[in-house]
There are 2 protein chains.
Amino acid sequence: MKDFTEWFERVLTEAELVDTRYPVKGMYVWLPYGMKLRSLVLRLLRELLDQTGHQEVLFPLLIPEDQLGKEAEHIRGFENQVFWVTRGGGADLDVKLALRPTSETAMYPMFSLWVRSHTDLPLKVYQVVSVFRCETKMTKPLIRVREVTTFKEAHTVHATAEEAQKQVREAVEIYKRFFDALGIPYFITRRPPWDTFAGAEYSIAFDTLSPEGKSLQIGTVHYLGQKFSKVFGIEYLDRDGSHKFAYQTCYGISERVIASLIFTHGDELGPCFPPSVAPIQVVIIPIPFEGRDPLPFSREVEERLRKAGLRVELDAGEQRPGEKYYKWDRKGVPLRIEIGPREMESRRVTLVARDNREKIEASLEELESRTREILDRIEERLKQRARERMRERVVEARSLEDLTGEGEIFRLFWCGKKECAERLETQTGMSVLGQEVEGVEGNCLVCGEEGKSSLLAKSY
Amino acid sequence: MKDFTEWFERVLTEAELVDTRYPVKGMYVWLPYGMKLRSLVLRLLRELLDQTGHQEVLFPLLIPEDQLGKEAEHIRGFENQVFWVTRGGGADLDVKLALRPTSETAMYPMFSLWVRSHTDLPLKVYQVVSVFRCETKMTKPLIRVREVTTFKEAHTVHATAEEAQKQVREAVEIYKRFFDALGIPYFITRRPPWDTFAGAEYSIAFDTLSPEGKSLQIGTVHYLGQKFSKVFGIEYLDRDGSHKFAYQTCYGISERVIASLIFTHGDELGPCFPPSVAPIQVVIIPIPFEGRDPLPFSREVEERLRKAGLRVELDAGEQRPGEKYYKWDRKGVPLRIEIGPREMESRRVTLVARDNREKIEASLEELESRTREILDRIEERLKQRARERMRERVVEARSLEDLTGEGEIFRLFWCGKKECAERLETQTGMSVLGQEVEGVEGNCLVCGEEGKSSLLAKSY
């Protein structure tokens, strides 16, 4: 992966995940194999949200200009990125309609109708939709796009600040479980005030590190306080008979999680998907030899694995076995089963793990159990390798001098002040991501005052 | 259902399916309960498509003006309905971008890259997306909308006209199975040339009849021939070494299927969802009496049904049982279980069917089997009732005089000629839907020439 951009776009194409040739900048086509991966990842995310009392909804794409502009900080943060619908049915529209860049201003006018009493709270909803941002920087599939096709945004409403802040912690826990399940390592920081979501009181973000050593924001959790509830009139009747403005949070995940999944568990050849979300968990390659037909036995193996609930594919195509190995390796299938004359004879199979090329033999009797066991082992290995690699990449900087050395991401103590962040950023050309939410205390490397462990990295 | 519009909007609100108060005309919010129904219906549709070799994809929402305009008939059919994005990131766009009204012109430029050889064919893909049409007529939730939020569009490419026409027949079969599974009765007609999809050679449509006696188009299947393939350059290398333009089809379903599901199986009170897609199949209502607590036994029943794989809800709220009955009836839950002192004593339950109010007792031992059996019976009853009602509403007209009588939908022989259709339409104020695909032959009521059984109805 010398050139990450080149590698990444090649992998998307060769693995047939996304087609990058759609004729609008920053917009891409999800191919069938990519869609299956996306569905499996979304299923995991939906399960985590449903288990924690979130309900799925679907709001319209278009937001009237006056609604989008209601919260002053919010519109300031987004106005330069909005796509506008100005014409419809052959005429100019009376009110311009924004393609949602995010849905606060689509949802909150409705929340003000839904929330009446303290018994309506908490309200916890989410949707999975496309959002649009007219990115002016260089676009990159799944990473910097103009149509975010896989935006899971959750929005919650609570009676008190305490309950809303507790929700922020729940959201952080949900995202930790989500990224842990995918084996994507992350840092959790509280973003500095100048990098807070437009309209939020504070923002917590999950970042991972790309192969080219840049931090990539893969999840955010925002505490909105009463900023939006006051503007949109989200009020409830409390037990004591008084009307109070509610407290809100929102949190989001995008298709960057798919990008991270690809590069975290990838090698020169392409991705290696964790079995839990791999669109195909096992590929069976029959190896014909001296006119003996391995297909019947291969079909038997396929049928058994399918019945065992595994996502399995039998490649009965015309290509030579070597070509097939290469093809499925590039598609990131974590486990291959080879069936040649020796296997047919002994009614055994040879299993080959995509990640470390380990070869294991199994008898037909133990086929399902061994396959599951090896898939579990691959899953665990991928996660552990990703964690370790990330750990190795973090440089703990104990002085400003340490920042002059090589390093993709630095952990250091920082006080939270803007002038100290600027000093760090100027010296390194990197950005302060923020103080770690689960960090430890220590003295700021710049001013020596009380601080907290923080992260510094190049970012997208 | 005297006033269908009033009834329909009330039901959507009371059943908490859709919120109709979003501040943009023709755009609505799917509420959690509606989303669950929508997901179950989509799951059924996806299964039918996956089983028949269709693969899910996802294309961008925005289509450049030059692509949308490439096929002349197509753009003529849609240009008055298109919403245009003209600004982005604070500047006018160089190329206007259409919100897709349908995705032929988004997909087919990519198909021309994907299809190279006869071995790439057939190509069968679908997506479930929002499409946008600037309807100028009166909008109506789920029926006439500006954001069609649940548009399943399938697009296929074939080597020959025969294969494409065979695909048309497959699509018709898939939709028949889909609507049959939902118990929605339909008529299948070949639309007359003046009502053919813009850019198609011919169109086949599924219509159902609304309670106010209007035909509602709920599914369409189009044979495109080579019209688009020639414009977008979808060519393949055939076995004989020659390059040939491909043949195409497309077919779609929208959220009108949800509307039909609601009104087909509805009564004054609201919908009654077929158990196969009901978001909640069974609601349990505990009935407290003289201080005895029915909750523990109710929880036991709930737990058992949930374990049996049923979608069950225990309403342990504060309302009186009668209020709860009313509430869940309006939400269309097909089966209610009442648990009062008598049931607690005898460890039995009373099951009440939503459709015919039938009451059945069951012991705890037979709880799961009886519940399933009654749900199956409700499902069958709903379907049968819908079929019979529809049959009763069709008036077989054997002469032009028969058309002067009362009737919501007439079946008659028509030759296919425009002047005869105009005569029928002028006389009745209705529209000719088309000749029945599975119809019988007979002489045209107007001109006496050879014709086929056809349908005439008021339409939306």
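Here is a quick look at how chains A and B of this predicted model sit together.

First, some housekeeping. Residues are numbered from 1 along each chain as its sequence is written, and chains are lettered from A in the order in which they are written. Since the model is predicted, local features need pLDDT of at least 70 and side-chain atom pairs count only at pLDDT 80 or more, while totals for chains, interfaces and linings use all residues.

Let's start with the symmetry. A turn of 180° and a shift of 0.0 Å along the axis lay chain B on chain A with an RMSD of 0.0 Å (superposed by least squares on the C-alpha atoms of residues with pLDDT of at least 70 in both). That is the relation of a two-fold axis. The same surface serves both copies, as 100% of the contact residues of chain B recur in chain A. In chain B, the residue that comes closest to the rotation axis is B:Val85, with its C-alpha at 2.1 Å.

Now for the contact itself. Here 41 residues of chain B are in contact with 41 residues of chain A, meaning that their C-beta atoms, placed from the backbone, lie within 7 Å. Strand 5 of chain B gives the most to its side, with six residues (strands are DSSP runs of E, at least two residues, numbered from the N terminus). The side of chain B that touches chain A divides up like this:

| Class (members) | Residues |
|---|---|
| Nonpolar (Ala, Val, Leu, Ile, Met, Phe, Trp, Tyr, Cys, Pro) | 25 residues |
| Polar (the others, Gly among them) | eleven residues |
| Charged (Asp, Glu, Lys, Arg) | five residues |

Strand 5 (residues 83-88) of chain A runs antiparallel to strand 5 of chain B, and five bridges join them; strands pair if DSSP finds at least two bridges between them. A:Phe83, for one, has B:Gly88 as its bridge partner.

Conventions
Two residues are in contact if their C-beta atoms, placed from the backbone, lie within 7 Å. Helices (H or I, at least four residues) and strands (E, at least two) are DSSP runs, numbered from the N terminus.
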